[in-house]
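Me: Could you take a close look at one part of this structure for me? I'd like to hear what surrounds it and how it fits in with the rest.

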Amino acid sequence: MDYTANDGHALQRLLDELGRLPGIGPKSAQRIAYHLLEADAEEARRLAHAILEVKQQVHFCPVCFSYATRERCDICANSSRDRSSICVVSEPRDVQAIERTGTYRGLYHVLGGVISPMDKVGPDQLHVRELLARLASDEVGEVILATNPDVEGETTATYLARQIRPLGVCVTRLASGLPVGGDLEYADEVTLGRAIEARREL
Ligand SMILES: [Zn+2]
């Protein structure tokens, strides 16, 4: 193949963009870039299209703040889900992790982060107000606090439990057994499923 100076710039731009992605170091960026260079145009177009499509079509669900492609997310819109239970997580990817366990049939609420004074994130920067509003209007009997078992996750859970208990809603926390300081997202399905089933009241 004959690369002009301009092609070289295009390749460098792709390497720079790939290198910005989480978990992709310079070597992986190179592997992906060269794979795409050698792939047929249709494969590259599919990838570019999928990236654009996800940015155009996916937004935050106005109820639970997870990802949605229709007005509400599939879980909020699903009438067979148990509406008496809300599982509170920090990020949309945690919803996917808990869904993979297949042990939970209730609804979710995504905070959009955790309380972290070091990063200047307090309750006002998270979807806490919206959660409390849901508890006031919905027929919710239990809130499961499923933030990560690390310092910020525990701080957030403790704060939320104090806010929610006076509303007369049962507050539970995932059982121990998850690796302390670990990420919910990386817990295996069996461990996470057990932690949900063995949740304890706070
Ligand atoms: Zn939703």
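Which residues is L145 in contact with, leaving aside its neighbours within four places in sequence?

Reply: In this predicted model, L145 is in contact with V88, A157, L160, A161, I164, V171, T172, R173, L174 and L202, once you skip the neighbours within four places in sequence. L145 also belongs to the largest nonpolar core, a set of 41 residues, where L145, I98 and I164 are the ones with the most contacts inside it. That fits a general habit: in soluble globular proteins, nonpolar side chains tend to be buried together.

As for who builds this core, at least two residues each come from α4 (74-77), β3 (82-89), α5 (92-101), β4 (106-110), α6 (128-137), β5 (142-145), α7 (151-164) and α8 (189-197). There's a second, separate core too, with 6 residues, L11, L18, I24 and A33 among them.

Now for the cysteines. Searching the whole structure turns up 0 disulfides. Take C170: its nearest cysteine sulfur belongs to C87 and sits 13 Å away, so C170 is in no disulfide, given that a pair needs to be within 2.5 Å. C170 is partly exposed, at 26% relative accessible area.

Four other cysteines hold the zinc ion: C61, C64, C73 and C76 coordinate it through their SG atoms at 2.3 to 2.4 Å. Along the sequence, these donor residues follow the spacing C-x2-C-x8-C-x2-C. The site is tetrahedral, with angles of 102 to 118° among the 4 donor atoms. C61 is buried at 0% relative accessibility, and C64 is buried as well, with a relative accessible area of 2%.

Terms used:
Residues numbered from 1 in each chain as written. Predicted model: local features only at pLDDT ≥ 70, side-chain atom pairs only at ≥ 80, totals over all residues. Heavy atoms only, no water. Buried < 20%, exposed > 50% of the residue type's maximum accessible area, 1.4 Å probe, protein only. Core = buried A, V, L, I, M, F, W, Y, C linked by side-chain atoms within 4.5 Å. Helix = DSSP H or I, 4+ residues; strand = E, 2+ residues; numbered from the N terminus. Contact = heavy atoms within 4.5 Å. Donors = N, O, S within 2.8 Å, 3.2 Å for Na, K, Ca; no water. Tetrahedral: all angles 85-135°; square planar, octahedral: opposite > 155°, others 65-115°.
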